[in-house]
Amino acid sequence: MPLIPVLQDKRVVLGVSGSIAAYKAVALASALTQAGALVDVAMTHEATELVRPLSFQAITHRPVAVDMFHLLAETEIGHVSLGLNADAIVVAPATAHTLAKLALGLADDMIATTVLASRAPVLVAPAMDANMYQHPTVAEHLEVLRQRGCAILEPGYGHLASGLVGRGRLAEPETILEAVRAVLGRRGDLAGWQVVVTAGGTQEPIDPVRFVSNRSSGKMGFALAEAARDRGAHVILIAANVALPDPYGVEVRRVRTAQEMAEQVLEAVPGADALLMAAAVADYRPEQPAEHKLKKRSEELALRLVPTTDILASTARAGFTALRVGFAAESEHLLEHARAKLEQKGLDLIVANDVTLPGSGFGADDNKVTILGRDGLERDLPLLPKLQVAYAVLDQVRRLRGGAPDVGSFDRLRSFDRLRMSGGRGDAETYSSPPDFGRPT
Ligand code: PMT
């Protein structure tokens, strides 16, 4: 799990109440810790019957709070200070009993007290029997919490410990982690922005079963969407043929062809603050796709290709105020070709992408890019996880739109130091920093 800037050194309180799904909270604590958060676990006594506090302590390397007035813990943690120092609180799993306490403001255990004493954003992930979840009392308590600004992560549908099949399964740890990121980002430096991102590779049909396409996995575009979401933006992600699941808290529109992508972009971009085109859009499409599957014949088959709409170029109209960022995947003369595209398409920024480097570009988890700006910017980044690249691109977008100076650069640089120590991904000295996410509401 790579470090996630929005979680870096953030204090996340993980409240674990007594559902059989408490075991999943161990994986969540581990993922949050690996992503860079400082995780303080608070458990109800019922939860300790299901998972021992030691499991959490071993993973988070921090004491686990169970007793409200444990003398030793009281000096180190404090039954109130846990909440006061939190950047975010996530209650997962949240039982019907714990939801009731939170809704009513009862404070007789570490989770309820911590939530009550805190002004940090709260995320609640319920888990219980399907009949309990459908009970009007639980629905009322959830509604009260929602009205107070709590984020609620709906449980999933499936087999439950009671033997019933229904809604009540705790959301998966990966989904909860994403929801924590979104909650922390609510007051990020892109709060109030609308960001349109494209991802994946378009498919241009030859016949009903064949198409012309490329090897884009969509990972770069999805990383951009997640990073913008982490920083508080409302994100519209237009994804062409991407196998990845919808990122939490992002509005996803699935398309197939360059034409469909063009229509969605032109619909989304008016009113947007930024357009980030990471998609590999086909430059050509078969002129006349066959209505039925083409039959194999002995003679040659010639496909006549015609140009597709240049989506970026068509967003250069007067009236569109979005800052426009293109990507250029190049196998030679990287900067020269990227600069030409920056110029031709009238872009504000272009991300020159060296796709010849092993482990970079199409399909890879990492990317090696240089960010070029119309204002003369040339920022060469080392090979980095795509999420880190996405943050760096957004730093430049924010700079161009006159954003306030970033906060927390020291934390960010330390994260890259840690990356260097663990994987040796190179120099990071050119980075600016992420904002101070997760300020208490
Ligand atoms: O998806 P991944 O597997 O993570 O891989 C990421 C990536 C390599 C696809 C991505 O980082 C990348 O480089 N995307 C751009 C791919 C490309 O080759 O673009 P281009 O040089 O053909 O086009 C330049 C820009 O114009 C791009 O922003 C493209 O989206 C845009 N374009 C292209 C054609 C077209 N008809 N309309 C467009 O708007």
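**View 1. Here's the largest pocket and the residues that line it.** In this predicted model, 40 residues line the largest pocket. If you want to find its centre, look for Ala 279, Ala 280, Val 281, Phe 327 and Ala 329, the lining residues that lie nearest to it. The volume of this pocket comes to about 820 Å³. Sorted by class, its lining has 19 nonpolar residues, 15 polar ones and six charged ones.

**View 2. Several helices and strands help to line the largest pocket.** At least two lining residues come from each of these: strand 8 (194-200), helix 11, helix 13, strand 16, helix 14 (334-344) and strand 17 (349-354). Which strand gives the most to this lining? That's strand 16, with four residues.

**View 3. Now for the ligand, which sits in the largest pocket.** There are 29 residues around the ligand, and the ones that come nearest are Ser 216, Ser 217, Lys 341, Asn 353 and Gly 363. This shell is a mix of 13 nonpolar, ten polar and six charged residues. Helix 11 (219-230), helix 13 (311-314) and strand 16 (323-330) each put at least two residues into the shell. Strand 16 turns up again here, giving the most to the shell with four residues.

**View 4. Zoom in on some polar atoms beside the ligand.** Start with Ser 216: a polar atom of its side chain lies 2.6 Å from an oxygen atom of the ligand. With Gly 218, look at the backbone instead, where a polar atom is 2.8 Å from a ligand oxygen. For Thr 308, go back to the side chain: one of its N or O atoms is 3.2 Å from a nitrogen atom of the ligand. How much of the ligand does the protein bury? On its own the ligand would expose 780 Å², and the protein buries 96% of that.

**View 5. Last stop: the second largest pocket.** This one has a volume of about 700 Å³. Its lining is made of 24 residues, and those nearest the centre are Pro 2, Glu 178, Arg 181, Glu 226 and Leu 244. Helix 10 (173-185), helix 11 and helix 15 (386-400) each bring in at least two lining residues. Helix 10 has the largest share, with six residues. What classes of residue line this pocket? You'll find 14 nonpolar and nine charged residues, along with one polar residue.

Conventions. Residues numbered from 1 in each chain as written. Predicted model: local features only at pLDDT ≥ 70, side-chain atom pairs only at ≥ 80, totals over all residues. Heavy atoms only, no water. Near = heavy atom within 4 Å. Polar contact = N/O pair within 3.5 Å; in protein donor to acceptor, adjacent residues only side chain to side chain. Areas by Shrake-Rupley, 256 points an atom, 1.4 Å probe, with all protein chains shown as cover. 1 Å grid on protein atoms, 1.4 Å probe; cavity = no way out; pocket = protein on both sides within 12 Å on 5 of 7 lines; lining within 4 Å. Sits in = over half its atoms within 2 Å of the grid points. Nonpolar A, V, L, I, M, F, W, Y, C, P; charged D, E, K, R; others polar. Points joined across faces, edges and corners; volume = space filled by probe spheres on them.
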